[in-house]
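User: Please take a close look at the salt bridges in this model, and then at one helix pair. I would like the cut-offs stated along the way.

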Amino acid sequence: KDNDVLALALYEQGYDNFMEGAVDKALNHFMALSDFIKSGANLSDQDIEAEALIGVAQCYSAMGQQAAAIKYYEMAVEKYKKVENKLGEISTANSIASTYLNFGNTKAYLDKYQQLKTMLDAVDPAQKATRDFKSLAGAVAFNKAQHELISNKYQDAIGEYKVCINYFEQ
């Protein structure tokens, strides 16, 4: 229980620092959390390791370090696979796609987007009915709409925004 409290405190401090714009401090807290987990801390939250890696990735992205951000997002995807958290895996893959999009790497974004569509299609029907799935699918559609907008494909962007809105209104 003490390990869970310490892990949560490190995560929350990192998150708060990140939201305040203190990215270096946030990175230190997320890395400390990751190191704590690697040291063999027994934690009840199976997702915390992936969440720590996502925090590191977000920090690197904010620092303009695309390759490092992608590396840590990919590590988080593997952690989610290990604990069989399909939506966490897809959400993190969407973060990878967003990172490519934010850094102007259109080809890599489109490749990851195709993977995301396949991943979303493979989710079991019961999980597709959940609010979490619909929010995630809406976020994927939103990023695709942003890509279309950046590419000056306005009609395609409008279509994707409508898909996005449809998911969020369900």
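Analyst: What follows treats the salt bridges and then the packing of two helices.

The model is predicted, so local features need pLDDT of at least 70 and side-chain atom pairs count only at pLDDT 80 or more, while totals for chains, interfaces and linings use all residues. Residues are numbered from 1 along each chain as its sequence is written, and side-chain values use heavy atoms, with hydrogens and water left out.

A search of the whole structure finds 5 salt bridges, a salt bridge being a side-chain nitrogen of Lys or Arg within 4 Å of a carboxyl oxygen of Asp or Glu. Among them is the pair Lys86 and Glu89, whose closest N and O atoms are 3.9 Å apart. These two residues lie 3 residues apart in helix H5 (residues 86–102), and are therefore separated by about one helical turn; helices here are DSSP runs (H or I, at least four residues), numbered from the N terminus. Lys86 is partly exposed, at a relative accessible area of 32%, whereas Glu89 is buried, at 8%, where buried means under 20% relative accessible area, exposed over 50% and partly exposed in between, with a 1.4 Å probe and protein chains only.

In helix H6 (residues 106–122), Asp111 and Lys107 are 4 residues apart, again about one helical turn, and their salt bridge brings the closest N and O atoms to 3.0 Å. Asp111 is partly exposed at 39% relative accessibility, while Lys107 is exposed at 58%. Helix H8 (residues 131–150) holds Glu148 and Lys144, also 4 residues apart and separated by about one helical turn; the closest N and O atoms of this salt bridge are 2.1 Å apart, and both Glu148 and Lys144 are buried.

Turning to the helix pair, the axes of H3 (residues 48–62) and H4 (residues 66–82) come within 8 Å and cross at roughly 165°, the axes being lines fitted to C-alpha atoms over the stretch in contact, with angles from 0 to 180 degrees between N-to-C directions. H3 and H4 are therefore roughly antiparallel to each other, a term for angles over 145 degrees. The contact (heavy atoms within 4.5 Å) involves residues including Leu53, Ile54 and Tyr60 of H3 and Tyr72, Met75 and Lys79 of H4. Its residues divide into 13 nonpolar, 2 polar and 3 charged, where Ala, Val, Leu, Ile, Met, Phe, Trp, Tyr, Cys and Pro count as nonpolar, Asp, Glu, Lys and Arg as charged, and the others, Gly among them, as polar.

Definitions and conventions
Parallel < 35°, antiparallel > 145°, perpendicular 65-115°, else oblique.
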